[in-house]
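Student: Could you show me how to read a protein model, one feature at a time?
Tutor: Happy to, so let us open it up.

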Amino acid sequence: MLLAIAIIGCNASAKSQSPAVNTSSVANLIASSPTPAPVSPTQSPTNTKLPGQDAVQVIRDYYSAIARQDYKQAYSAWEGNGAASKQSFEQFKQGFANTTSVAVEVGKPGTPDPGAGSIYIEIPVTVTAIGTNGTPQRFRGSYVLRRVNDVPGSTPNQRRWHLHSAKIT
């Protein structure tokens, strides 16, 4: 019960919705992406990451921080230094008071959705948490992550993926 609120770190944020897909923007983004140069067998490719791989790592790091009880790091994974969780840091931390362990299985990321100056991606998750009473609980849903595009004036922190919203039950 309280664990369900704590696992998502934002009281399920059920009211949050991912931005609408703009099909023409997606097509333009794909069409304007540079074609990578061929790599010789003796060279290693400079960028072999799949789309969304960095965003998936944010989710893995988020749950790793929770498992280590490093709630400051977990809280900071939320956009706006935790503000997107819709909780104060103390509320966020208290939400894990009855959690002894947590693990996450990350599903296949959706297609990145470019917005006005930002990119959004939805990633499904299954979370298993063990409470202090030893009872396992399983939660399913998804996170929407956001990062600012590489635009003039954006900071490196803004260009990293952050948790934007969650829909987990």
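Tutor: What follows is a walk through this predicted model, from the overall layout to single residues.

Student: Where do I begin? How many helices and strands are there in the protein chain?

Tutor: Begin with the elements and their order. The chain holds 5 helices and 5 strands. Read along the sequence, the pattern is α-α-α-α-α-β-β-β-β-β, with the helices written ahead of the strands.

Student: What share of the 169 residues counts as buried?

Tutor: Here 37% of the 169 residues count as buried. You can also look at how far apart in sequence the touching residues are. Among contacts with a separation of 6 or more, 61% join residues 24 or more positions apart.

Student: Now the strands, please. In which sense do S3 and S4 pair, and over how many bridges?

Tutor: To read a pair of strands, check its sense and then its bridges. S3 and S4 pair in the antiparallel sense, over 13 bridges. One of the bridge pairs sets Ile130 against Pro136 in S4. The two strands form a hairpin with 4 residues between them.

Student: What is found in that turn?

Tutor: Look at Gly134, a residue of the turn with a positive phi of about 85°. Gly134 is partly exposed, with a relative accessible area of 44%. Then compare sequence with space: Gly134 and Thr100 are 34 residues apart along the chain, while their C-alpha atoms are 8.1 Å apart.

Student: Which residues other than glycine have a positive phi here?

Tutor: The general idea is that most residues other than glycine have a negative phi. Two cases to look up in this model are Gln69, with a positive phi of about 60°, and Lys86, with a positive phi of about 65°. Gln69 lies in the loop between H3 and H4, and Lys86 in the loop between H4 and helix H5 (89-94).

Student: Are those two buried or exposed?

Tutor: The cut-off for exposed is over 50% relative accessible area. Gln69 has 53%, so it counts as exposed. Lys86 has 56%, so it is exposed as well.

Student: Can we follow one strand residue in detail? What does Thr128 touch?

Tutor: Place the residue first, then list its neighbours. Thr128 sits in strand S3, which covers residues 118-131. Leaving aside residues within four places in sequence, Thr128 is in contact with Ser101, Val102, Ala103, Gln137 and Arg138. With Arg138 there is a polar contact from side chain to side chain, at 3.3 Å. Phe139 is 11 residues from Thr128 along the chain, and their C-alpha atoms are separated by 6.5 Å.

Student: Why is Thr128 called partly exposed?

Tutor: Its relative accessibility is 22%, and partly exposed is the class between buried, under 20%, and exposed, over 50%.

Student: And S5? Why is it described as largely enclosed?

Tutor: Count the buried residues along the strand. In S5 (residues 162-168), 5 of the 7 residues are buried, so the rest of the structure largely encloses this strand. S5 pairs with S4 in the antiparallel sense over 6 bridges. Among the facing residues, Arg146 stands opposite His162 in S5, and Tyr143 has Ala166 in S5 as its bridge partner.

Student: What about the loop between S4 and S5? Is Ser154, which is found there, buried or exposed?

Tutor: Ser154 is buried, with a relative accessible area of 12%. Not counting residues up to four places away in sequence, Ser154 touches Val148, Asn149 and Arg159.

Student: Last feature: pockets. What is the volume of the second largest pocket, and which residues are closest to its centre?

Tutor: With a pocket, take the volume, then the lining. The second largest pocket has a volume of about 380 Å³. Of its 20 lining residues, Ser76, Ala77, Arg160, Trp161 and His162 are closest to the centre. The elements that give two or more residues to the lining are helix H3 (53-67), helix H4 (71-76) and strand S4 (136-148). H3 provides the largest share, 4 residues.

Student: How do the residues of that lining divide by type?

Tutor: They divide into 7 nonpolar, 7 polar and 6 charged. Now find His162 in your view: it is among the residues closest to the pocket centre, and in S5 it stands opposite Arg146.

Key:
Residues are numbered from 1 along each chain as its sequence is written. This is a predicted model: local features need pLDDT of at least 70, side-chain atom pairs count only at pLDDT 80 or more; totals for chains, interfaces and linings use all residues. Side-chain values use heavy atoms; hydrogens and water are left out. Buried means under 20% relative accessible area, exposed over 50%, partly exposed in between (1.4 Å probe, protein chains only). Contact means heavy atoms within 4.5 Å. A polar contact is a pair of N or O atoms within 3.5 Å; within protein, one must be able to donate a hydrogen and the other to accept it, and residues adjacent in sequence count only if both atoms are side-chain atoms. On a 1 Å grid over the protein atoms alone, a cavity is a set of points where a 1.4 Å probe fits but cannot get out, and a pocket is an open set with protein on both sides within 12 Å along at least five of seven lines; lining residues have an atom within 4 Å of a point. Grid points are joined across faces, edges and corners, and a volume is the space filled by probe spheres set on the points. Ala, Val, Leu, Ile, Met, Phe, Trp, Tyr, Cys and Pro count as nonpolar, Asp, Glu, Lys and Arg as charged, and the others, Gly among them, as polar. Two strands pair if DSSP finds at least two bridges between them.
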